[in-house]
Amino acid sequence: MKTTAHTPRQLGQILKGQRRSQALTQQTAAESVGLLPKTISKLELATETSTIESLYKLLSALELELVVQTRSQASSGKEW
């Protein structure tokens, strides 16, 4: 899976979609990496108020990685 998120909301939607596609509840995802279910909810709904540490734990639970790359010319406008 390769998906681009330009805003915190888009990232939250991607995380939620991936969690659901793996048939994980917020509870099971949280337990697998030592987070509270409310932290998973917060990452999915209001990513901009979450910690980087929590984000990386959820990425780990979902077997995802974060890739940072230079924007292409077509998407270089600030979107949030």
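**Notes on a predicted model**

1. Thr7 is a good place to begin: with a relative accessibility of 18%, Thr7 counts as buried, because buried means under 20% relative accessible area. The structure you are looking at is a predicted model. Along the chain, Thr7 sits in the segment before α1, the helix that covers 8-21. A polar atom of the Thr7 side chain lies 3.1 Å from the backbone nitrogen of Gln10.

2. Next comes α1 itself. This helix has 14 residues, and from its first C-alpha to its last it reaches 20 Å, close to the 20 Å expected at 1.5 Å a residue. Its buried residues are Pro8, Gly12, Ile14, Leu15, Gln18 and Arg19. These buried residues lie on the same side of α1, because they cover an arc of only 160 degrees around the axis. The face turned away from that buried side carries the exposed residues Arg9, Arg20 and Ser21. A general point helps when reading such a pattern: an α-helix has 3.6 residues a turn, so residues three or four places apart point the same way.

3. Now follow the chain into the loop between α1 and α2 (26-33), where you will find Ala23. Its phi is near 55 degrees, a positive value in a residue other than glycine. That is worth a second look, because most residues other than glycine have a negative phi. Is Ala23 buried or exposed? Ala23 is exposed, with a relative accessible area of 71%.

4. Glu63 makes a good companion to that point. Glu63 is not a glycine, yet it has a positive phi of about 55 degrees. Its place is in the segment after α4. With a relative accessible area of 74%, Glu63 is exposed, because exposed means over 50% relative accessible area.

5. Helix α2 is where you will find Ala29. At 0% relative accessibility, this alanine counts as buried. Which distance separates the C-alpha atoms of Ala29 and Ala61? The two C-alpha atoms are separated by 5.9 Å, although the residues are 32 residues apart along the chain. Ala61 is itself one of the buried residues of α4.

6. That brings us to α4 as a whole. Its buried residues are Ser54, Leu55, Leu58, Leu59 and Ala61. Seen down the helix axis, these buried residues fall within an arc of 160 degrees, so they line one face of α4. On the other side of this helix, Ile52 and Glu53 are exposed.

7. Finally, please take a look at the largest pocket, which has a volume of about 1000 Å³. It is lined by 31 residues, and the closest to its centre are Thr3, Thr4, Ala5, Leu66 and Val67. The elements that give two or more residues to this lining are α1 and α4 (52-61). Which element provides the largest share of the lining? That share, 4 residues, comes from α1. Sorted by class, the lining has 15 nonpolar, 11 polar and 5 charged residues.

Technical notes:
Residues are numbered from 1 along each chain as its sequence is written. This is a predicted model: local features need pLDDT of at least 70, side-chain atom pairs count only at pLDDT 80 or more; totals for chains, interfaces and linings use all residues. Side-chain values use heavy atoms; hydrogens and water are left out. Buried means under 20% relative accessible area, exposed over 50%, partly exposed in between (1.4 Å probe, protein chains only). A polar contact is a pair of N or O atoms within 3.5 Å; within protein, one must be able to donate a hydrogen and the other to accept it, and residues adjacent in sequence count only if both atoms are side-chain atoms. On a 1 Å grid over the protein atoms alone, a cavity is a set of points where a 1.4 Å probe fits but cannot get out, and a pocket is an open set with protein on both sides within 12 Å along at least five of seven lines; lining residues have an atom within 4 Å of a point. Grid points are joined across faces, edges and corners, and a volume is the space filled by probe spheres set on the points. Ala, Val, Leu, Ile, Met, Phe, Trp, Tyr, Cys and Pro count as nonpolar, Asp, Glu, Lys and Arg as charged, and the others, Gly among them, as polar. The expected span of a helix is 1.5 Å times one less than its number of residues. The arc is that of the directions from the helix axis to the C-beta atoms.
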